[in-house]
Amino acid sequence: MAAEIVNPRSDSDTGQDGGAEPLDSFDPAFALHRGGKMAVQATVPVHDKDDLSLAYTPGVAKVCSAIAEQPDLVHDYTWKSSVVAVVTDGTAVLGLGDIGPEASLPVMEGKAILFKQFGGVDAVPLALACTDVDEIIETVVRLAPSFGGVNLEDISAPRCFEIERRLQERLDIPVFHDDQHGTAVVTLAALRNAARLSGRSIGDLRAVISGAGAAGVAIAKMLVEAGIGDVLVADRKGVVSSDRDDLTPVKREVAGFTNKAGLSGSLEDALAGADVFIGVSGGTVAESAVASMAKGAFVFAMANPDPEVHPEVAHKYAAVVATGRSDFPNQINNVLAFPGIFAGALQVRASRITEGMKIAAAEALAAVVGDDLAADYVIPSPFDERVAPAVTAAVAAAARAEGVARR
């Protein structure tokens, strides 16, 4: 199967009731999406009866019998080791929120073609008509024999944390929630290069993260794993600290490994003297709070479409500015991470994706920038053809080093 970037739409099909003019006429996004963004394509010929007898019966029976006797052969004689399930329940789609499984499909198709375009990995969108944690887990477990990995996508917090953890415990294939870990990998890569540009290390920095959802929690965990000097997380009620009595279990865990300085109060209070702002929450941060940050600070305002701090404001005070948008330099884009991470994991048939593999991906991504490092270039473009091979190789090597590779 190949998730080809093809569009099998019909020019004569308006898709509208009553003969109304199609939406395609008004918006090129609808024109591009007509008929969907991907299709299944055979990788073997079926032109005559000999081809048919090999691809299907009776030849296929030999392969089925061999796999029944030696289950590991499924990796060699089916698509299993080269395809990822992109799974969502449609509860946290882009900036749209809980729009349901059908409305999430354009995004899931988009994710699948990004897997193919940037990592050479086939992917299948699976939008589930359930939101119960147990039901999602059981559904994915039952589908898992067909796939080499599972990419969880746009599932709302805090359910996403439990779903990922329990699937990792039950499955022997990589399970990766991209909203968490993809964002964290790319953020760490950009931060490493920003620190290098300023002559500092990660350990010299105090970071403040705005947002205690999937991305914020994962970024905090990864920065601690990478050895950051200190990091704290703020939610709508202020700094996540152990003295608060309104924390969810996930936030209590976050309070336990962040905020060494024991700060409390608002996000703006925490930014005073901070070296790094990382925004994954939306909203707007007051310019006065940005101005209170340390000299030579870094502002990564990644909310889309409206960054928490507009780059024009951030550049007044910060040495390095990054956003989640493609029309500004230093775009923190998950597509820099997830295709290569899965490609590397699948290449060695990894049983899971470890923290070491994610750190290796971040380091490889940062290294692509090399000697071209500049304030407006701390992270490479998604279209830099060096990115996916570098991340793939680093992740595969880390999987072997950590003992989770099976070939």
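A pocket here is an open set of grid points with protein on both sides within 12 Å along at least five of seven lines, and its lining residues have an atom within 4 Å of a point.

**Entry 1: the second largest pocket**

I worked from a predicted model. I looked up the second largest pocket and found 20 lining residues, of which Glu-164, Arg-165, Gln-168, His-181 and Lys-221 lie nearest its centre. I then noted which elements give two or more residues to this lining: α7 (159-170), α8 (178-197), α9 (214-225), α10 (249-257) and α15 (355-369). Helix α7 supplies the largest share, with six residues. For the volume of this pocket I wrote down about 470 Å³. I also sorted the lining by class and got seven nonpolar, four polar and nine charged residues.

**Entry 2: the cavity**

Next I looked for enclosed space. Rolling a probe the size of a water molecule over the atoms shows where empty space is left. How many cavities of 30 Å³ or more does the structure hold? I found one. The largest cavity contains about 50 Å³ of space. Around it I listed His-75, Ser-81, Gly-148, Ile-173, Pro-174, Ala-345, Leu-346, Arg-349, Ala-350 and Arg-406. Five of these lining residues are nonpolar, three are polar and two are charged.

**Entry 3: the sheet of six strands**

I turned to the strands. Strands of a sheet pair through backbone hydrogen bonds, either parallel or antiparallel. One open sheet has six strands with mixed pairing, and I read their order as β7-β6-β5-β8-β9-β10. At its edges I found β7 (238-239) and β10 (318-323), each of which pairs on one side only. I followed β10 to its partner β9 (residues 297-301) and counted five bridges in the parallel sense. Within this pair, Val-299 has Val-321 of β10 as its bridge partner. Helix α8 packs on this sheet, where it touches β8 (276-279), β9 and β10. The direction of α8 makes about 160° with that of β9.

I checked α9 as well. This helix lies across β5 (206-210), β6 (230-235) and β8, and I noted an angle of about 170° to β6.

**Entry 4: strand β5**

I gave β5 its own entry. It runs parallel to β6, and five bridges join the two. Opposite Arg-206 I found Asp-230 in β6. In a regular strand the side chains alternate between the two faces of the sheet. Which residues of β5 lie on each side? I placed Arg-206, Val-208 and Ser-210 on one side, and Ala-207 and Ile-209 on the other. Both faces are covered, as all of these residues are buried. Why is β5 described as largely enclosed by the rest of the structure? Five of its five residues are buried, so the description follows from that count.

**Entry 5: the sheet of four strands**

A second entry on sheets concerns an open one of four strands, in the order β2-β1-β3-β4, where the pairing is parallel. I marked β2 (122-127) and β4 (175-177) as the edge strands, since each pairs on one side only. On average, neighbouring strands of this sheet are turned by 25° against each other, direction ignored. Strand β3 (residues 149-152) is joined to β4 by three bridges, and the two run parallel. Val-150 stands opposite Val-175 in β4. Helix α8 came up again here: it lies across β3 and β4 and runs at about 75° to β4.

**Entry 6: two single residues**

I stayed with α8 and picked Asn-193, which lies in this helix. Is Asn-193 buried or exposed? Its relative accessible area is 3%, and buried means under 20%, so Asn-193 counts as buried. Leaving out residues up to four places away in sequence, I found that it touches Ala-366, Val-369, Leu-373 and Val-378. Asn-193 and Val-378 are 185 residues apart along the chain, but their C-alpha atoms are separated by 5.4 Å.

My other choice was Val-387, in helix α16 (residues 387-401). With a relative accessible area of 4%, Val-387 is buried too. Again not counting residues up to four places away in sequence, its contacts are Leu-336, Leu-365, Val-368, Pro-380 and Ser-381. I also took the separation between the C-alpha atoms of Val-387 and Arg-407, which are 20 residues apart along the chain, and it came to 23 Å.

Terms used. Residues numbered from 1 in each chain as written. Predicted model: local features only at pLDDT ≥ 70, side-chain atom pairs only at ≥ 80, totals over all residues. Heavy atoms only, no water. 1 Å grid on protein atoms, 1.4 Å probe; cavity = no way out; pocket = protein on both sides within 12 Å on 5 of 7 lines; lining within 4 Å. Points joined across faces, edges and corners; volume = space filled by probe spheres on them. Nonpolar A, V, L, I, M, F, W, Y, C, P; charged D, E, K, R; others polar. Pairing = 2+ DSSP bridges. Contact = heavy atoms within 4.5 Å. Axes fitted to C-alpha atoms, helices over the stretch in contact; angles between N-to-C directions. Buried < 20%, exposed > 50% of the residue type's maximum accessible area, 1.4 Å probe, protein only.
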